[in-house]
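Biologist: I have a fresh model open on my screen and would like to understand the words people use for it. Could we go through them together?

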Amino acid sequence: MSIKIDDSRLTEIFKEKELNIFREKTVESLNLLLNRSGAGNEFLGWLDLPNQSIDELDDLVKVGNEIKESNDLLVCIGIGGSYLGAKAVISSLLPKNNIRFIGHHLSPLEMSYLLDELKENDFYVNVISKSGTTTEPGIAFRIIRDLVEKKYGKESKNRIIVTTDPEKGALKQLADQKGYRKFVIPNNVGGRFSVLTAVGLLPIISAGLNLESILNGAKRGLEKSSLDNEENIAIKYARNRSILYSSGKKIEILASMEPQIHFIAEWWKQLYGESEGKNGKGIFPASVDFTTDLHSLGQLIQDGERNLFETFLVIDNYSDDIQIPYDSENLDGLNYLSDKKISFVNKKAYQGTRNAHEDGNVPTSTFHIAELNEENLMELLVIFEIGIALSAYNIGVNPFNQPGVEAYKSNMFELLGKPKV
Ligand code: PA5
């Protein structure tokens, strides 16, 4: 098994009849999604992406391989769905890599560290914005483009790759005028569902990850989410979220036992928050890295207001593991662990924490990842994508728009004195 869900504790909390009602509702939602007849069905292109072939991605593979083989850095400029998918996959699977991310905040400090690094190293730039008009990546691109032009002169055109809307936007115009290489984000795929378009795949290939395995894992996630699969994890997960929400649990904590997959949770928070949080509804998606956060937020989870539930992310098998050494002096009293590996202690920490939180009335379930690799990770991401579509449909929300994101922008533009068009 590559990905499985253990929700046995929830089946002890809720009656079978209640669980069945929510299951039926969730199956209806899956029907809506797969028949493409639910709200926002003009944005369901992401359901087709796992089945695209590598041949179809020919140009992307060529440019990605060019960057990988150059051993240069790749600076990815983008925010929200235009950076989190690539960041999550790459940082989880290849923590030491040639990809740098910028344009997802307005930090002068981060920008100046990056500029220093870029002065010393050769680099490509991939600016990614579906709308082509987002302020944060726009500013970052203006600054980095200036450096590219100064550093590479006439050659700078080959160093910049644009990923944007096929027809409109300031970035598309700029790319056309300057003659940059260009990839498109299909109209029917929203930012937070775009990891399997050029948005995610160009950085993923450039980092050296295996594209075939990425697509195979995504396909597996989609196949396992079919209507006729009795063991459909996405249905179980969405059903559980909906029944917990209706019983007053308004916050979901994604609790990872492996800090290396920290950005999976960051991607998940964007996907879940932006898809479900509308019309006065939605579960607040939060995340913690254990065991680190057991020494900070652990207290609140164990003992604070009982409005939360917890979903653990656990890696079952590690290819790299470290044994705890024997020490003849045993001054630290740790010899009882001396034949054990770190992952063994981590597993016990997970079991102990899950039991403690259950005892503290926090309903829990767990996603088990058999091993951390391209296939399993992508299978999980696709299950999460389908899971949120079903959860949102279950509460009558369109998962594929984000009207609330505009509010901060219009305030900021007014304060900055942006000319009205
Ligand atoms: O998921 C979304 O749609 C958003 O988070 C966008 O990805 C984000 O706002 C960035 O937008 P754009 O790609 O247009 O710059």
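Biologist: How do the residues lining the second largest cavity divide by class?

Modeller: Happy to help, and please keep in mind that this is a predicted model. The lining of the second largest cavity has three nonpolar, three polar and one charged residues. The residues are Phe43, Gly190, Gly191, Arg192, Phe193, Phe400 and Gln402. Arg counts as charged, so Arg192 is the charged one. Gly counts as polar, so Gly190 and Gly191 go into the polar group with Gln402.

Biologist: What makes a space a cavity and not a pocket?

Modeller: The test is whether a 1.4 Å probe that fits inside can get out: in a cavity it cannot, whereas a pocket is open. Rolling a probe the size of a water molecule over the atoms shows where empty space is left. By this rule there are two cavities of 30 Å³ or more. The largest has a volume of about 70 Å³, and the second largest about 30 Å³.

Biologist: What lines the largest cavity?

Modeller: Its lining is made of Met257, Val314, Ile315, Tyr318, Ser343, Asn346, Lys347 and Tyr350. Helix 14 (342-359) and strand 9 each supply at least two of these residues, and the largest share, four residues, comes from helix 14. By class, five are nonpolar, two polar and one charged. Lys counts as charged, so Lys347 is that one charged residue.

Biologist: And what is the volume of the largest pocket?

Modeller: The largest pocket has a volume of about 1,200 Å³. Of its 43 lining residues, Ser129, Ser131, Thr133, Thr134 and Lys409 are the closest to the centre. Elements that give two or more residues to this lining are strand 4 (123-129), helix 6 (135-152), helix 8 (170-178), helix 12 (262-276) and helix 16 (406-416). Helix 6 gives the most, with eight residues. The lining has 16 nonpolar, 16 polar and eleven charged residues.

Biologist: Which domains supply the lining of the second largest pocket?

Modeller: Domain 1 (3-39 + 217-394) and domain 2 (45-213) each supply at least three residues of that lining. The second largest pocket has a volume of about 330 Å³ and 14 lining residues, with Gln260, Tyr318, Ser319, Asp320 and Leu372 nearest its centre. Helix 4 (84-93) and strand 9 (308-317) each give at least two residues to the lining. Its classes are five nonpolar, five polar and four charged.

Biologist: Why are Leu106, Ile139 and Ile143 called a nonpolar surface patch?

Modeller: Members of a patch must have over 30% relative accessible area, and nonpolar side chains are joined within 5 Å. Leu106, Ile139 and Ile143 make such a patch, of about 250 Å². Leu106 sits in the loop between strand 3 (99-102) and helix 5 (108-120).

Biologist: How do you know that Arg239 and Asp7 form a salt bridge?

Modeller: Side chains of opposite charge can pair when their charged atoms come close. The cut-off for a side-chain nitrogen and a carboxyl oxygen is 4 Å. For Arg239 and Asp7 the N to O distance is 3.1 Å, so the pair qualifies as a salt bridge. The pair links distant parts of the chain, 232 residues apart: Arg239 is in helix 11 (residues 233-246), while Asp7 is in the loop between strand 1 (3-6) and helix 1 (8-13). In total, the structure holds 22 salt bridges.

Biologist: What is special about the backbone at Asn71, and which kind of peptide bond joins Phe290 and Thr291?

Modeller: Most residues other than glycine have a negative phi, and most peptide bonds are trans. Asn71 has a positive phi, near 60°, and lies in the loop between helix 3 (58-70) and strand 2 (73-77). The bond joining Phe290 and Thr291 is cis, with omega about 10°. Thr291 belongs to the loop between strand 8 (284-289) and helix 13 (298-303).

Definitions and conventions: Residues are numbered from 1 along each chain as its sequence is written. This is a predicted model: local features need pLDDT of at least 70, side-chain atom pairs count only at pLDDT 80 or more; totals for chains, interfaces and linings use all residues. Side-chain values use heavy atoms; hydrogens and water are left out. On a 1 Å grid over the protein atoms alone, a cavity is a set of points where a 1.4 Å probe fits but cannot get out, and a pocket is an open set with protein on both sides within 12 Å along at least five of seven lines; lining residues have an atom within 4 Å of a point. Grid points are joined across faces, edges and corners, and a volume is the space filled by probe spheres set on the points. Domain bounds come from an automatic or database domain assignment. Patches are made of residues with over 30% relative accessible area and no salt bridge: like charges are joined within 9 Å, nonpolar side chains (Val, Leu, Ile, Met, Phe, Trp, Tyr) within 5 Å. Accessible areas come from the Shrake-Rupley method with a 1.4 Å probe; for residues, only the protein chains shown count as cover.
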